[in-house]
Structures are given as C-alpha cells and as structure tokens.
Amino acid sequence: TVANQKWILGFFSILDLVATGIFLLGFIYLKNELPKRFEKWDMEVVTAADYTVEYLINEDDYLRFKQNTRETEDQSALFLYQSDLINNIENLLRQVDPVTKEGDTRVAHINFAFKNDTVIKLLEERGNHLIAANKEKVQELNVKIDEEIKDNK
C-alpha cells in the first residue's frame, strides 16, 4: 500500500541520515585526532632527518688538514677528513650535552657536496645525447666530465 511504502521510504531516509551523521562524526574525530597522533609518533620515532645539519667546510681548513695527513692506498685524504670531522663533532657533542658524554650519540654519516654544478650540467647534456644516440658527443662529454671532476678535487 501507499502508506506502507511511505513508512519504508521514511525509515530508510532516517537510516540514511543516521549513517551520514555517524560518518561525519567519524570524519571530524579523525580530522582532529590524526594530527595529534602524528605529532606523538614523530616525537617517538627518530629519523635521520631529525638530525640532519649543514656544515660549511672552509677550504683553508681542508687544505691544512690535507697537508698534515698522509693518504694511503686504502684511505684517501677525503675519507680521513670525514673520519676526523666525525670524531671532532662527536667530541664537541660530548662536551656540550651531558647525555652524549656516555657515548650513545654518534654521527652516522657525513655526505660531502662539492662545487659540482658544472658536472651536473655536463651530465644532463650527456643524458640528452644518450637519448638521441649521439655516441660521438657522449664520448666528448665523458672526457669533459672526467676533466671537471679531476680539476675540482
């Protein structure tokens, strides 16, 4: 009957409103709760990005170090400089922060970035010639790249 159909339609309309309300309440709850949970997670989880720093190296300091250090076949001056920097930074941390005095804070890695914008441009140009299968230009650029790297050591 028509009355029965209206009752069923009304029932499902109300049910739809209740479901929509529950969905909206859940959405609002998650919108408010997720940033709090993320912040808590971020404080509890330590990542390398939490302690990444930039340290500018004075060229004179590096050259002085290189003069006073003897390279070996196994260890280049750059590797030795990296080890020396790690030791110096860890010692400074131990002096400044009482927590690190016990030796539990360490420098995980030092990544050197050089004046390499010219090399990057040459590599990009080389890549374009590789795509175009221009072997002669690739060989020419390989020589330029090698020279640039040797000149900037």
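**Notes on the helices, charges and rings**

1. A good place to start is A133, which sits in the loop between α4 (117-131) and α5; helices here are DSSP runs of H or I, at least four residues long, numbered from the N terminus. Please keep in mind that this is a predicted model, in which local features need pLDDT of at least 70, side-chain atom pairs count only at pLDDT 80 or more, and totals for chains, interfaces and linings use all residues. Residues are numbered from 1 along each chain as its sequence is written, and side-chain values use heavy atoms, with hydrogens and water left out.

2. What is the phi of A133 near? The angle is near 60°, a positive value in a residue other than glycine. Most residues other than glycine have a negative phi. A133 has a relative accessible area of 60%, so this residue is exposed (exposed means over 50% relative accessible area, buried under 20%, and partly exposed in between, with a 1.4 Å probe and protein chains only).

3. Now follow the chain into helix α5, which spans residues 135-151 and holds E148. Is E148 buried or exposed? E148 is buried, yet has no salt bridge (a salt bridge is a side-chain nitrogen of Lys or Arg within 4 Å of a carboxyl oxygen of Asp or Glu). The nearest side chain of opposite charge belongs to K144, 9.6 Å away (Lys and Arg count as positive, Asp and Glu as negative, while His and the chain ends are not counted). Leaving aside residues up to four places away in sequence, E148 touches T118, V119 and L122, where contact means heavy atoms within 4.5 Å.

4. Other charged side chains in α5 do find partners. Side chains of opposite charge can pair when their charged atoms come close. K137 makes a salt bridge with E140, with 3.2 Å between the closest N and O atoms. These two residues are three apart in helix α5, so about one helical turn separates them. Have a look at their surroundings too: K137 is partly exposed because its relative accessibility is 22%, and E140 is partly exposed because its value is 37%.

5. E140 has another bridge, this time to K144, where the closest N and O atoms are 3.9 Å apart. K144 and E140 both belong to helix α5 and are four residues apart, about one turn of the helix. With a relative accessible area of 38%, K144 counts as partly exposed. Salt bridges that share partners join K137, E140 and K144 into one network.

6. How many salt bridges does the count come to? The count comes to four. One of them is in helix α1, where the side chains of R37 and E33 meet at 3.4 Å, N to O. R37 and E33 are four residues apart in α1, about one turn of the helix.

7. Next come the aromatic rings. Rings of Phe, Tyr and Trp (its six-membered ring) pair if their centres lie within 6.5 Å, and planes under 30 degrees apart count as stacked, over 60 as edge-to-face and the rest as tilted. By this rule there are five aromatic pairs. F11 and F12 form an edge-to-face pair, because their ring centres are 5.5 Å apart and their planes are at 70°. Ring pairs also link W7, F11 and F12 into a cluster.

8. Those three residues appear again on the surface. W7, I8, F11, F12 and L15 make a nonpolar patch of about 540 Å², with areas from the Shrake-Rupley method and a 1.4 Å probe, only the protein chains shown counting as cover for residues. Patches are made of residues with over 30% relative accessible area and no salt bridge, where like charges are joined within 9 Å and nonpolar side chains (Val, Leu, Ile, Met, Phe, Trp, Tyr) within 5 Å. L15 lies in helix α1, residues 2-44, and is partly exposed at 44%; F11 is partly exposed at 41%.

9. Finally, try tracing some distances. A3, also in helix α1, is exposed at 57%. A3 and E71 are 68 residues apart in sequence, and their C-alpha atoms are 96 Å apart in space. N32 is in helix α1 as well; N32 and G21 are eleven residues apart in sequence and 17 Å apart in space, C-alpha to C-alpha. In helix α3 (residues 77-96) you will find N91, and the C-alpha atoms of N91 and N111, 20 residues apart along the chain, are separated by 19 Å.
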